[in-house]
Amino acid sequence: MRARMPRGGRARSRSRPVVAVLDVIQTPAFQQRFFFLAKRFIAGETAAAAMDAVAALNAQGMTATLDFLGEDVTSRTEAERTRDAYFELLAAIRARNVESNVSVKLTAMGLLVDEELALRNLRAVVDAAARNGDPFVRIDMEGSAVTDATLRVFERAYAETQHVGPVLQAYLKRTPADVERMLALGARVRLCKGAYSEPPSLAYKDMPTIRRQFMRSAEALLERGNYPGIATHDPRIISAVQTFAREREIGRDRFEFQMLYGVRPELQRKLVADGYRLRIYVPYGTHWAGYFYRRITERPENALFALRSMLSR
Ligand SMILES: Cc1cc2nc3c(=O)[nH]c(=O)nc-3n(C[C@H](O)[C@H](O)[C@H](O)COP(=O)(O)OP(=O)(O)OC[C@H]3O[C@@H](n4cnc5c(N)ncnc54)[C@H](O)[C@@H]3O)c2cc1C
């Protein structure tokens, strides 16, 4: 079955200047010259560089999930190249003996070409991961055009092995129902706000509502779920989760916080010092434009940081 192309799937606004910026940062010439801008959020361009970053996080008491950057591939060959990059990555995790699992994007595994192809590639990655100390494979969630297809592929893989888990986005209006479905399956869920530009018919747009929705799903997952990953840098949500867990006597070993590489490192260290489990999402590879774009558009301070790095050279 063919998944629909994600029209609204890109991050934030699609105004002309923004599309132009994305077009420019996706060119190989820009990426070669300006990797230093993305360096704060991306561990490196090779698996070896990513291993160094993860080893440094492990030394600070944090685990990791590694993401080989790339999305929206449009050919079988590219999708198989992504799968092979994950084989290399999983072998590197074993060889370096670092504490990390992996996160995959199904559009990078061929979801837009053919759903069966994405499932086959995912199965191959899950089989390879089974040889690792942490065999878990997280399926990132992308734009709403592929939500159904992503959850379908997840459920088919999950029927064969429980070492695979989805991501649910609190901004989507459908998410409370998806949370209930995942609770019924006993699936291990990562909950995040959501990073793509979605229409108001599908997604909440204002932050207070998104936070409320996040907490509604987080509470259900904490009370009844299977080791949820609470993925946010939002101090209000983190504090509400800590209070809820304390009041309901939910132990710190029953969930983990998750944050992005390079975002709020001081808060990351504080959570570990306070005895919470923390997993860092570590992206690496040469196709960093889409990921970097989502990071700089979701927070003005990240764009300022990139600009400062440029000026200080
Ligand atoms: C581990 C992980 C995995 C993710 N996986 C997915 C996925 O599969 N699909 C998806 O759509 N999205 C994913 N996301 C992205 C997520 O949906 C949000 O877009 C992103 O995390 C921003 O929302 P937030 O809740 O972290 O905080 P925000 O609402 O962006 O920020 C909350 C507060 O955090 C602070 N803050 C945040 N960033 C910075 C910064 N750079 N510098 C300083 N302060 C900052 C500020 O005080 C801000 O007020 C993931 C996020 C994480 C952490």
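**Exercise 1. Determine how strands E6 and E7 pair, and in which sense.**

Step 1. Strand E6 covers residues 229-231, and three bridges join E6 to E7 in a parallel arrangement. Strands, like helices, are DSSP runs numbered from the N terminus (strands E, at least two residues; helices H or I, at least four). Two strands count as paired if DSSP finds at least two bridges between them.

Step 2. For the register, Ala231 stands opposite Gln258 in E7.

Step 3. E6, helix H10 (residues 235-247) and E7 form a right-handed β-α-β unit. Right-handed means that, with the strands pointing away from the viewer, the path from the first strand over the helix to the second runs clockwise.

The model is predicted: local features need pLDDT of at least 70, side-chain atom pairs count only at pLDDT 80 or more, and totals for chains, interfaces and linings use all residues. Residues are numbered from 1 along each chain as its sequence is written, and side-chain values use heavy atoms, with hydrogens and water left out.

**Exercise 2. Follow the chain from E7 to E8 and place both strands in the barrel.**

Step 1. E7 pairs with strand E8 (residues 278-284) in the parallel sense over four bridges. Leu260 stands opposite Tyr281 in E8.

Step 2. Between E7 and E8 the chain passes through helix H11 (residues 265-273), and this β-α-β crossover is right-handed.

Step 3. The closed barrel has eight strands in the order E1-E2-E3-E4-E5-E6-E7-E8, with parallel pairing. From one strand to the next the twist averages 25 degrees. The angles are taken between N-to-C directions of axes, which are lines fitted to C-alpha atoms (for helices over the stretch in contact), and run from 0 to 180 degrees.

Step 4. Another pair in the parallel sense is E4 (residues 164-169) with E5 (residues 190-192), over three bridges. In this pair Val167 stands opposite Arg190 in E5.

**Exercise 3. Decide whether E7 is enclosed or open.**

Step 1. Buried means under 20% relative accessible area, exposed over 50%, and partly exposed in between (1.4 Å probe, protein chains only).

Step 2. Five of the five residues of E7 (residues 256-260) are buried, so E7 is largely enclosed by the rest of the structure.

Step 3. In a regular strand the side chains alternate between the two faces of the sheet. On one side of E7 are Glu256, Gln258 and Leu260, on the other Phe257 and Met259, and all are buried.

**Exercise 4. Describe the surroundings of Lys105.**

Step 1. Lys105 sits in the loop between strand E2 (100-104) and helix H6 (115-129). With a relative accessible area of 6%, Lys105 is buried.

Step 2. Contact means heavy atoms within 4.5 Å. Not counting residues up to four places away in sequence, the residues touched by Lys105 include Asp140, Glu142, Tyr281 and Arg294. Arg294 is among the buried residues of H12, a helix (residues 289-298) with eight of its 10 residues buried.

Step 3. The side chains of Lys105 and Asp140 make a polar contact at 2.9 Å. A polar contact is a pair of N or O atoms within 3.5 Å; within protein, one must be able to donate a hydrogen and the other to accept it, and residues adjacent in sequence count only if both atoms are side-chain atoms.

**Exercise 5. Analyse the salt bridge between Glu180 and Arg224.**

Step 1. A salt bridge is a side-chain nitrogen of Lys or Arg within 4 Å of a carboxyl oxygen of Asp or Glu. The closest N and O atoms of Glu180 and Arg224 are 2.8 Å apart.

Step 2. Glu180 lies in helix H8 (residues 175-185) and Arg224 in helix H9 (residues 207-224), so the pair ties together parts 44 residues apart in sequence. Glu180 is partly exposed, at a relative accessible area of 38%.

Step 3. Elsewhere, salt bridges that share partners join Lys105, Asp140 and Arg190 into one network. The whole structure holds 19 salt bridges.
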